[in-house]
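Hi,

Here is the structure I said I would pass along. Have a look at it first, and my notes on what turned up are just below.

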Amino acid sequence: MGRPLAVMIGSSVASWAVASVAGAGRWNPELALGMAGPLASAVITWMVVERTHARAPERVTSVLVAGFAIKMLFFGAYIGLLAALGLRLRPFVVSFAVYFIALHAIEAGYLRRLFASAQTVSR
C-alpha cells in the first residue's frame, strides 16, 4: 500500500512546492487547493481499492464504479465551495485539471500492476 501512496503524495507535494518556488507562488492558495481535492480523492480511492482487492478481487470494478459516483458529488461540492470563497478561478482550474489527470494516470498504472500481479499469483 505504501509505494502508490508515497508516489501520489510525494509527486503532488513536490511539484506544487517546485511550482511555488519557481514563481507560481503568487497563485497560491489556488494551486494548493487545486491539488488537494484530486490528491485526497486519489489517496482514498487507492486505499479502498487495495483493501477491496485483498479481500475480494472480484468486487474491485463495482467499488470503482461506486467511487466514481461519490467522486462526482465530492468534486461538485468541493468546486462549489471553493468558488463561493471567491478564489481566482483560472489558477485553481488549471491546477485542478493537471493534478486530476496526473493522479488518475498514476492510479491507472498502479491498478494495472495490481491486476497483473493478481493474475500471476493465480496461475
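Let's start with the surface: the chain exposes about 7600 Å², and 72% of that is supplied by carbon and sulfur atoms. Bear in mind that this is a predicted model.

On burial, 32% of the 123 residues in the chain count as buried. As for overall dimensions, the C-alpha atoms fill a box of roughly 55 × 30 × 15 Å along the principal axes.

The fold is easy to describe. You'll find four helices and zero strands, so to speak an α-α-α-α run when read from the N terminus. If you look at contacts between residues at least 6 apart in sequence, 77% of them join residues at least 24 apart.

Now the pocket. The largest one holds about 350 Å³ of space. Lining it are 18 residues, and those closest to its centre are Ser41, Thr45, Gly67, Phe68 and Lys71. Three elements each give two or more residues to this lining: α2 (30-55), α3 (60-84) and α4 (89-122). Which of them gives the largest share of the lining? That would be α3, with eight residues.

What is the lining made of, by class? Twelve of the residues are nonpolar, four are polar and two are charged.

If you open the model yourself, the five residues closest to the centre of the largest pocket, Ser41, Thr45, Gly67, Phe68 and Lys71, are the ones to pull up for that region.

Cheers

How values were computed
Residues numbered from 1 in each chain as written. Predicted model: local features only at pLDDT ≥ 70, side-chain atom pairs only at ≥ 80, totals over all residues. Heavy atoms only, no water. 1 Å grid on protein atoms, 1.4 Å probe; cavity = no way out; pocket = protein on both sides within 12 Å on 5 of 7 lines; lining within 4 Å. Points joined across faces, edges and corners; volume = space filled by probe spheres on them. Nonpolar A, V, L, I, M, F, W, Y, C, P; charged D, E, K, R; others polar. Buried < 20%, exposed > 50% of the residue type's maximum accessible area, 1.4 Å probe, protein only. Contact = heavy atoms within 4.5 Å. Areas by Shrake-Rupley, 256 points an atom, 1.4 Å probe, with all protein chains shown as cover.
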